Amino acid sequence: MQRRSVVVGVGESSYYKRGTAQETEFQLACIAIRNAVEDAGLDLSEIDGFVSHMESRNDPMRLSRALGVETLDFAAQPWGGGGNGVAAGIMLADAAVSGGLAKCVVAFRALAQGQFGRFGQARMANRLYGAANYSALYGLLSPAHICAMQTRRFMHDHHISQEALADIALACYANAQLNPRALRCGKPLSREQYHASRWIVEPFHLFDCCPENDGAAAIVITTPERAKDLRKKPVPILAAAQGLDAGDGFGAFNERNFPTAFYRNVGKRIWERSGVRPADVDVAQFYENFTGPVLIAMSEMGFAPPDGIEEFVSNGALEGPDARLPFNTSGGNLGEAYIHGFELINEAVRQVRGESTCQVENVELSLAVAGPGFSPGSAVLFCRD
Amino acid sequence: MSRYLGDAWALPYLDPQIRPFFSSGVIRIQVCRSCDAPQHPPDDVCHACQGTEFSHRDSAGLGTVHSFIIVHHPVHPALTERVPYAVALITLDDMPQIRVCGNIVDAAPEAVSIGQPVRATFEEIHDAETGEDLTIPQWETLTG
């Protein structure tokens, strides 16, 4: 596999409880980007591209001016949904750098929900328009509701118990205890607390649902040539993928493969392109908007068949650096912070560098899988240089 | 007839594409004029043959619960007093590739289960603001 682009910088702002950042969202974005560029040992003026996902507020034109870039040569975002696009953004940056369209691309995401409002809150009026009627008219309103509908059927089809959902949440919280940056550091979660927590939407308890937070995270992607004399060891992008399986593009639970998490094709492509297998992966970050869809995504990515996924995640199989599959090692959306999944990208890169607070030994392959339950899915696989 | 989510809950604006489903008094599904394939929700192009002209097919209104959720945390202020409520995903018996959302109006949320047979029923509402007479598809349990 030809490795044509590498990550050379990782950075973030401080992370905050939702609505409590003193900075504006644009300020958070600039702080994270500046930190990533400094980490790389680059100058801000060398940045010539920006990618993000679902980022309508901190646009590349405004960033270029604020950050003093010399020329802007590439600016793009993937189609579709929300957190499912976080790895697709990295894929675009990889394509731009590999294809010679830009030399130093920043990928980032910033959120300040006090300033701009939340995702999990319905913002509908008393009149519904178009396709929203087929769900919202019946009280199916939020991402949690959509993912709960998928999860319930998946649990039914594959005899999965509530304990498997708990296993996802407990691993994130346990790993967050090692990470001083994590908003849940110092707030451990027990299985009893998990089960005793209130229902948000069955089958999701409170601890199955990620919080919403304020903050920003960024990485810098450049060519192997430019990376040679920079501060940190480069982290190559071995493969990235975005996509859908046939018949899964039309929503409202009428996808051919319902209850899919939209990772069948992404899994197929990323193993094809990288030439490795799921069992070769040393550490994996899976976007957990809600715990249930992680189980679907994990099985669609090929880590275990759906009927075996509960066994695959049980008995602490995901917790800590020595786990069978070290998972969400910074705490993830649930435990570290919900920066729309970008904190998972930063962690996946840090694992290859040896800079994680839950460091896995001798990491060769570090996977980040974007948001499940919304289409199209995406994933990125980093490797050791 | 009072509505499952309360009479103050939102109502649809009937554009030409959604009108048949919410005002015909039956479970009326979009069907392609060229290849006869049903699809839901309706779209501008047939997903089977890319046809652009459509008619409709009426289901007999019998279905099976394919999945469901029970909402406890209200994400809209108008539902604060209404939780917990269930939303079900129904597979139509006579168009098994079609799934529609609905509420099981005669069952407590905890009584809803996957595989439960259900029958369509309709919330008949006169929308005073638009003058439309709506028939909002809902579902009731079918026993024996």
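**View 1. His159(A), an exposed residue with a positive phi.** His159(A) has a relative accessible area of 68%, so this residue counts as exposed (over 50%; buried means under 20%, and partly exposed lies in between, with a 1.4 Å probe and protein chains only). This is a predicted model, in which local features need pLDDT of at least 70 and side-chain atom pairs count only at pLDDT 80 or more, while totals for chains, interfaces and linings use all residues. Residues are numbered from 1 along each chain as its sequence is written, chains are lettered from A and ligands numbered from 1 in the order in which they are written, and side-chain values use heavy atoms, leaving out hydrogens and water. The phi of His159(A) is near 55°, a positive value in a residue other than glycine. Most residues other than glycine have a negative phi. Look for His159(A) in the loop between α6 and α7 (162-176) of chain A; helices (H or I, at least four residues) and strands (E, at least two) are DSSP runs, numbered from the N terminus.

**View 2. Helix α6 of chain A, just before His159(A).** This helix covers residues 143-158, and its end C-alpha atoms are 22 Å apart. That agrees with the 22 Å expected for 16 residues at 1.5 Å a residue, the expected span being 1.5 Å times one less than the number of residues. Of the 16 residues in α6(A), 12 are buried, so the helix is mostly covered. Among the buried ones are Cys147(A), Met149(A), Phe154(A) and His158(A).

**View 3. Phe253(A), a buried residue with a positive phi.** Phe253(A) is not a glycine, yet its phi is positive, near 70°. You will find Phe253(A) in the loop between β10 (235-243) and α10 (264-274) of chain A. Its relative accessibility is 5%, so Phe253(A) counts as buried.

**View 4. Cis peptide bonds before Pro203(A) and Pro84(B).** Most peptide bonds are trans. In chain A, the bond from Glu202(A) to Pro203(A) is cis, with omega near 10°. Pro203(A) sits in the loop between β7 and β8 (204-205) of chain A. In chain B, Val83(B) and Pro84(B) are joined by a cis bond with omega about -5°. Pro84(B) belongs to the loop between β5 (62-71) and β6 (85-92) of chain B.

**View 5. Where chain A meets chain B.** The contact (heavy atoms within 4.5 Å) takes 37 residues from chain A and 45 residues from chain B. About 3,700 Å² is buried between the two chains, and carbon and sulfur atoms give 61% of it; buried area is the accessible area (1.4 Å probe) that two parts lose on being put together, summed over both. In chain A, Arg127(A), Tyr134(A) and Tyr138(A) lose the most area to chain B, together 25% of what that side buries.

**View 6. Salt bridges and polar contacts between the chains.** There are two salt bridges between chain A and chain B, a salt bridge being a side-chain nitrogen of Lys or Arg within 4 Å of a carboxyl oxygen of Asp or Glu. Arg127(A) and Glu129(B) meet in a salt bridge, N to O 3.4 Å. The elements giving two or more residues to the side of chain A that touches chain B are β6 (127-128), α5 (133-136), α6 and β7 (199-202) of chain A. Of these, α6(A) gives the most, with six residues.

**View 7. Salt bridges within chain A.** Over all chains, the count comes to 24 salt bridges. One of them joins the side chains of Asp39(A) and Lys232(A), 2.6 Å from N to O. This pair links parts 193 residues apart: Asp39(A) is in helix α1 (residues 25-40) and Lys232(A) in the loop between α9 (224-227) and β10 of chain A. Asp39(A) is buried at 14%, whereas Lys232(A) is partly exposed at 25%. Asp167(A) and Arg191(A) form another salt bridge, with the closest N and O atoms 2.5 Å apart. Here the pair links helix α7 with helix α8 (residues 191-196) of chain A, 24 residues apart. Asp167(A) is buried at 6%, and Arg191(A) is partly exposed at 30%.

**View 8. Arg3(B) and Glu123(B), a salt bridge in chain B.** Their side chains meet at 3.8 Å, N to O. Arg3(B) lies in the segment before β1 (11-12) and Glu123(B) in strand β8 (residues 117-127) of chain B, so the pair ties together parts 120 residues apart in sequence. Arg3(B) and Glu123(B) are both buried.
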